[in-house]
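The following exercises concern the reading of contacts, strand pairing and packing from a set of coordinates. Each task is followed by a solution in steps.

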Amino acid sequence: MMESIQYKPQDFKSSQEVRWCPGCGDYAVLNSLQKAMAEIGVSPDKTVVISGIGCSSRLPYYVNSYGMHTIHGRASAIASGVKVANPELTVWQVTGDGDCLAIGGNHFIHAVRRNVDLNILLFNNEIYGLTKGQYSPTSRFGFVSKSSPYGTVEEPFSPSQLTLGARGTFFARTLDVDVKTSQDVIVQAAKHKGCSVVEALVNCVIFNDGTHKTITDKDFRADKTIVLKHGEPMIYGKNNDKGLIIDGFSLKSVTLGENGITEKDILVHDANCVDPTLHFILGNMKGDLPVALGVIRNVDQPTYDASVAEQIADVQAKRPIRKLEDFLHTLETWEIN
Amino acid sequence: MSESAKITSLDQVVIRFSGDSGDGMQLTGSLFSNLSAIYGNEISTFPDYPAEIRAPQGTLSGVSGYQVHVGSKKIYTPGDLADVLIAMNPAALKVNKNAIKSTAIVIADSDAFDANSLTKAGYKTDAPFEELNLKGIQLIMTPITSMVKASLSENGMDNKSVLRSKNMFALGLLCWLFNIPVDAAMHLLTNKFKKKQAILQANLKVLTDGYNYGHNTHSSVSTYHVNPTDMPKGTYTDVKGNQATAWGLIAASEKSGLPLFLGSYPITPATEILHELSARKELGVKTFQAEDEIAGICTAIGASFAGSLAATSTSGPGLALKSEAIGLAVMAELPLVIVDVQRGGPSTGLPTKTEQSDLLQALYGRNGESPCVVVAASTPANCFDYAFIASKLALEHMTPVILLTDGFLANGSSAWKLPSMDDYPVIHPPFVHEDMQETWMPYLRNSENYVRYWAVAGKEGFAHRIGGLEKDNATGCISTNPTNHQLMTNLRQAKIDAVAKNIPLLEVQGNEEADVLVVGWGGTFGHLYTAVEEINAAGRKVAFAHFNYINPLPSNTADVLRKYKKIVVCELNNGQFAGYLRSTIEGIHVLQFNKVEGQPFTVSELTNHINSLLEN
């Protein structure tokens, strides 16, 4: 084992000038990522960042590491190839709601299903920014945009439902403005062995300004969101006096001290629970219930890349042949003399 | 006919095994071709599968065939019309009536020619041979079904299993007809079924009974012997094009020292490449069965970035889906092998049939000026060599290489002398060296062949970013500068052009001094070569040039073509290579001979056409 080097966020900054629009939410997530990378301690040479196409997919140019800015929607597949070919590399996929869930939806669910050890950062601004403002697969029903001047007539995807539906082992959510939670969940995503999906709710200041405002605004963020922590009770609110309890097949928000409710009655978050039912409900919370941030699900399952390598090792333990020529001589052959 | 047994010596014979999908004709055919090869004959085989997995029993669409060409001299094709047909039922007879010579020997299972089977196969009368106008054939009607039942009556097997041994009776008959010792066939079967003793014993019994039946009952019939060839000494096996392709990739992996990664999605007729490579875990091969064709190539691009010899295998529709990703590999200048086993098109087309109609897609089927290397294999066995060469060119020139094979090569087989890896060159990818660290940039190029240096992800001190956006020459930073785009466009083309220095010159075969040059490429080699040989043997003069290197073309191509008065390009499409030559080489006039039937050329249609050109 090599002695670990203490990295600084600066070590993961490339010389390229960052060129997102002033005020774009992506800046904050990039900073959180670079801080997280320093904390994780994997060297830039063993770090690979793969992206597709879109505003957020420019990110690899800004990170000092190996990186590839690929084609629209295919980052999950390319990142899977990198990781399977060399499992020693730490592989990140940077993608947006259009790149990941529209054109790349198929690759995304299959990477999640296979549990390839990738860290997927999904920048969700509910809009196509680079093509200047069309609705995306996460835009809300009725959303008015250049390509939906009378409002959309289609329901959006929920990234958490999609991830858990594809039998995902890790899902976390953060806000661009919440640098502390962002850094924390990105570090946990990297530590998780398997496919980690981090949904970052980001603001598009030009084409969809304020889309997440109802939960990001400082005045009511604490009442509209809950940062889940494994092993801790689900308590939130400006005064830390609200909590979540089970109510039939759903959850209910209650106030501590009212109707005899005490901390003992509040649900304790178990991100490691293999059964995803409660994670599914937590990921769906909105309206009267706070939007869940933090790590919602974090379950250990064998990873695809390690299993591929193990299968090869198992076969090799049983069959001593290592060279093609030796293999060819095991076939049905005949001699011409 | 005389009473004593006669043995007639033959130079070559074409045998067609035909029956219901469940009759085991593929196995019988391949066992017979192996036996012939063991006895020193040249072999070339081609299966003719039905498109359906299991069509209704006894119907025309359920007929499965396997053709074997056995020769005492070098043979290059599975043969045109069959000298011998084994027809296990009336449907098999009907389907093959135009695939046999008018004087062919037909061995048919008389038990299978009952009224019900005749109706299923669409006969209008109860006299099938007359109805098909098969007057000149030599018919050996044999009650195969009832004799197999009798043969295994004390075996205790159920009726269905008993009937499955019918093909071994046919094989026994063939051994008798071609004077192959039955012991050799027994030896092959024993190896094949060593883990299934019950089946083995039944098969051995039926095989011997079939042989003895021929020997005892038809002792007056003339039998045949195909003289052995002078094949080079060595260890041989029977190889199909798809297997050879898979093994050629493994050979390149060994010679480059890079692990092999295949990202692929199942597609007819390319899937066996994925099958073979996923079974080769002892050799360290990693395969990834992706969610679709696009992910197949994209995982390979990722693996290439991480330092593997990366490949993807597909057929025409899959190549169409991969085109955007090939463009990425062109732009990122990463090594990648794309194997396209061509089938009949367009769209879903004729999945189980052969064609050469993906050529222009391989050359040009991408957005932008997007050149890549294109090579084509020309025999089932040399799929090994061209898979090796495709990998070598990809790795040494940092480019995607498309290897074109086709359904005919992929499923056809020939005897193959096992190669010695010492005869294959070491592959040298242009890796970065530690001492380059100060001066290296992602798009710094070798000044002779314009190849950029490869810093594999994970290599210390060389972290960098690449991608599909246009980049500044040398630094690799994103650039929209107009003159830089022109420069990079020129450099990407120059890099592919420079590959010509690394490939052999075009050779002329046949009669070099002739006025007429026959031109072909890829999988039509065997038929074209045989046709040219026959014409020259008959005293007429014709030259022949066959292309394995399509882009770039061998550097002497223009010089060779300009020497001839008449050039005819023969290909299984509407003239794609002919058009490519016209647009690439100025001042040549090119004639075409084309066929788009999903079938290989026949030697006779080629000789007829070439002879007509010689006359005019």
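The exercises below treat this predicted model.

**Exercise 1. The contact between the chains**

Task: Characterise the contact between chain A and chain B, with attention to the side of chain B.

Solution.
Step 1. Establish the extent of the contact: chain A contributes 50 residues and chain B contributes 57 residues.
Step 2. Assign the side of chain B to elements. Those giving two or more residues include α1 (25–38), α10 (241–256), α13 (316–332) and β17 (465–467) of chain B. Within this side, α12(B) gives the most, namely nine residues.
Step 3. Sort the side of chain B by class: 29 residues are nonpolar, 17 are polar and 11 are charged.
Step 4. Look for strand pairing across the chains. β17(B) pairs in the parallel sense with strand β2 (residues 66–69) of chain A, over three bridges. Within this pairing, I466(B) is the bridge partner of M68(A).

**Exercise 2. A strand of chain A and its neighbours**

Task: Determine whether the residues of strand β5 (residues 170–175) of chain A are buried or exposed, and identify the strands with which β5(A) pairs.

Solution.
Step 1. Apply the burial criterion, which asks for 20 or more other C-beta atoms within 10 Å of a residue's own. Six of the six residues of β5(A) are buried, so the strand is largely enclosed by the rest of the structure.
Step 2. Separate the two directions. In a regular strand, side chains alternate between the two faces of the sheet. F170(A), A172(A) and T174(A) point one way from β5(A), whereas F171(A), R173(A) and L175(A) point the other way.
Step 3. Consider the parallel neighbour. β5(A) is joined by six bridges to strand β6 (residues 196–201) of chain A, and the two run parallel. Here E199(A) in β6(A) stands opposite R173(A). The connection from β5(A) to β6(A) passes through helix α6 (residues 179–191) of chain A as a right-handed β-α-β crossover.
Step 4. Consider the antiparallel neighbour. Strand β11 (residues 291–298) of chain A is joined to β5(A) by four bridges. In this pair, V295(A) in β11(A) stands opposite A172(A).

**Exercise 3. A helix pair in chain A**

Task: Describe how helix α2 (residues 75–85) and helix α4 (residues 105–114) of chain A are arranged.

Solution.
Step 1. Compare the axes: they come within 7 Å and cross at roughly 35°.
Step 2. List the residues that meet: S76(A), A77(A) and S80(A) from α2(A), and H107(A), F108(A) and A111(A) from α4(A).
Step 3. Classify them: the contact has three nonpolar and three polar residues, with no charged ones.

**Exercise 4. The sheet of chain B and its helix**

Task: State the strand order of the seven-stranded open sheet in chain B and place α12(B) relative to this sheet.

Solution.
Step 1. Write the order: β11-β10-β12-β13-β15-β14-β21, with mixed pairing. The edges are β11 and β21 (549–551) of chain B, each of which pairs on one side only. From one strand to the next, the twist averages 20°.
Step 2. Examine one pair. β10(B) and strand β12 (residues 309–314) of chain B are parallel and share three bridges, and L262(B) stands opposite A311(B) in β12(B).
Step 3. Place the helix. α12(B) packs on the sheet and touches β10, β11, β12 and β13 (336–342) of chain B. Its direction makes about 170° with that of β12(B).

Definitions and conventions
Residues are numbered from 1 along each chain as its sequence is written. Chains are lettered from A and ligands numbered from 1 in the order in which they are written. This is a predicted model: local features need pLDDT of at least 70, side-chain atom pairs count only at pLDDT 80 or more; totals for chains, interfaces and linings use all residues. Two residues are in contact if their C-beta atoms, placed from the backbone, lie within 7 Å. Ala, Val, Leu, Ile, Met, Phe, Trp, Tyr, Cys and Pro count as nonpolar, Asp, Glu, Lys and Arg as charged, and the others, Gly among them, as polar. Two strands pair if DSSP finds at least two bridges between them. Axes are lines fitted to C-alpha atoms, for helices over the stretch in contact, and angles run from 0 to 180 degrees between N-to-C directions. A residue is buried if 20 or more other C-beta atoms lie within 10 Å of its own, exposed if 12 or fewer, and partly exposed in between; C-beta atoms are placed from the backbone. A crossover is right-handed if, with the strands pointing away from the viewer, the path from the first strand over the helix to the second runs clockwise.
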